[in-house]
Amino acid sequence: KAYFDDDANLDELKNKTVAVIGYGNQGRSQALNMRDSGVNVIVGNIEDGASWTQGKKDGFDVYSISEASKRADILFLLIPDEIMPSVYEEDIAPYIEDGNVINFASGYNVHFGFIELPETVDIVLIAPRMIGKGVRDRFVSGEGFPSLVAVHQDSTGKAKTIMLALAKAIGTTKIGAFESSFEEEAVVDLFGEQVMGGFKLYNLRMAYELLVEEYGFSPEAVLLELYLSGEGIETLRNAQEVGIWGQLRYHSTTSQYGHQTRGKYAASDASRALLRSIVENIKSGEFSKEWKTEQLTGYPVFNRLWKDNLKHPFIKSEQDLLKILNANKRKG
Ligand code: NAI
């Protein structure tokens, strides 16, 4: 089910103060959008320089996180997910009052149990399927952006009404706020990152090793074909208009044949089993536990993988080619 502007009423937010906690990628865009929608918005941030100063420059009343939490009826928790539990515990929880509304942009912490909230508040989710910059740009242009929305806990009886009003205020009901759940958002989001994102990175690296290092083809030819030409962006843009299979019609028939015959290998029983194990690993909470351990032990795997990947010859070739492409882009 999807909700649109007509399903929501901004009047529900009259006389309410919304505190945007974390004036970063999402926070800044959502705060500006809500203010433009007539909502009374304040900002809560650590005094970290950049975000704090930006909030003031944008004309908001910026407070410490605890002070903003104290003043708010509705809280948007828009700080990085891995630090949210401790910040919540220390600077937010002591100031939460009965009947407050707590809104998340990701289901992660609530679903996997890293944050426990009192029973006397409303807990809602508005998770934009859009980076922060797009949340603002598409509000200003009037296009809107899609989101997943959910009510996790309704203590006041008005959680859904308020959630929809907030969704309208940030500009997502313009195009569609889709009914979801904290679990669904968290699991599907991680799956997307790990499989659609992560597999792609290592597939590219493997293709480079095979075509450049093993078969001796030039890195330029290979990297332009794989992603650096920007053709992939066009493909995705077309897919958004006519669907992923519909866009295939814009390719040559040779390409259409190759896509469908060879692409099918990726849907083998072995890869289905692998993807299933990834879903299971996420759903069971194993992944989030592993990531928590990583954080508590000083990010050993995270740092090692970054180091390994950045020193791969693939990156040197990529950066050399980017230099050429960007130099000529600048010349116009
Ligand atoms: P961000 O990385 O831009 O950080 C937001 C703010 O956190 C910054 O203003 C920073 O000052 C503050 N911060 C950093 N360290 C802190 C600390 N130790 N204590 C208190 N505050 C601290 O965060 P982002 O990317 O906007 O993510 C916020 C939420 O939005 C997360 O739940 C994320 O999952 C969700 N989300 C993010 C999307 C994105 O495109 N970045 C898309 C959809 C959801």
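Author: A residue is near a molecule if one of its heavy atoms lies within 4 Å of it. The model discussed here is predicted.

Reader: Which residues come nearest to the ligand?

Author: With that cut-off of 4 Å for being near, the ligand has 23 residues around it. Those that come nearest are Asn25, Gln26, Asp48, Ser51 and Asp81.

Reader: Which side chain has an N or O atom 2.6 Å from an oxygen atom of the ligand?

Author: A polar backbone atom of Gly24 lies 3.3 Å from an oxygen atom of the ligand, and in the side chain of Ser51 an N or O atom is 2.8 Å from a ligand oxygen. The distance of 2.6 Å belongs to an N or O atom in the side chain of Asp81.

Reader: What percentage of the ligand's own accessible area does the protein cover?

Author: Polar contacts to the ligand include the one at 2.8 Å from the side chain of Ser51. On its own, the ligand has 840 Å² of accessible area, and the share of this that the protein covers is 74%.

Reader: How many residues of the shell around the ligand are nonpolar, and which elements give two or more residues to that shell?

Author: The shell around the ligand divides into 8 polar residues, 2 charged residues and 13 nonpolar ones. The elements that give two or more residues to it are helix H1, residues 25-36, and helix H4, residues 84-92.

Reader: Which element supplies the largest share of the largest nonpolar core?

Author: This core has 36 residues, of which Leu13, Met34, Phe60, Ile74, Phe76 and Leu166 touch the most other members. At least two residues of the core come from each of strand S2 (17-21), H1, strand S3 (40-44), strand S5 (74-77), strand S7 (122-128) and helix H7 (159-170). The largest share, 9 residues, is supplied by H7.

Reader: Which residues does Phe76 touch, not counting residues up to four places away in sequence?

Author: Phe76 is one of the residues that touch the most other members of the largest nonpolar core. With residues up to four places away in sequence left out, the residues in contact with Phe76 are Val18, Ala19, Val20, Ile21, Gln30, Met34, Asn103, Leu166 and Ile170.

Reader: How many residues make up the other core?

Author: Apart from the largest nonpolar core lies another core, which includes Ile79, Ile92, Ile123 and Phe182. In soluble globular proteins, nonpolar side chains tend to be buried together. The number of residues in this other core is 26.

Reader: Which residues of helix H6 are buried, and what does their cover include?

Author: Helix H6 spans residues 132-140, and its residues Gly132, Gly134, Val135 and Arg136 are buried. Just after H6, Gly142 takes a positive phi of about 85°. What covers the buried residues of the helix includes H1 and S7.

Reader: Is Asn15 buried or exposed?

Author: Asn15 is placed in the loop between strand S1 (2-3) and S2, and has a positive phi near 65° although the residue is not glycine. Because a relative accessible area over 50% is the cut-off for exposed, the 81% relative accessibility of Asn15 makes this residue exposed.

Reader: What is the relative accessibility of Tyr299?

Author: Most residues other than glycine have a negative phi. Tyr299, found in the loop between helix H13 (286-296) and helix H14 (300-310), has a positive phi near 60°. Tyr299 counts as partly exposed, at a relative accessibility of 27%.

Technical notes:
Residues numbered from 1 in each chain as written. Predicted model: local features only at pLDDT ≥ 70, side-chain atom pairs only at ≥ 80, totals over all residues. Heavy atoms only, no water. Polar contact = N/O pair within 3.5 Å; in protein donor to acceptor, adjacent residues only side chain to side chain. Areas by Shrake-Rupley, 256 points an atom, 1.4 Å probe, with all protein chains shown as cover. Helix = DSSP H or I, 4+ residues; strand = E, 2+ residues; numbered from the N terminus. Nonpolar A, V, L, I, M, F, W, Y, C, P; charged D, E, K, R; others polar. Core = buried A, V, L, I, M, F, W, Y, C linked by side-chain atoms within 4.5 Å. Buried < 20%, exposed > 50% of the residue type's maximum accessible area, 1.4 Å probe, protein only. Contact = heavy atoms within 4.5 Å.
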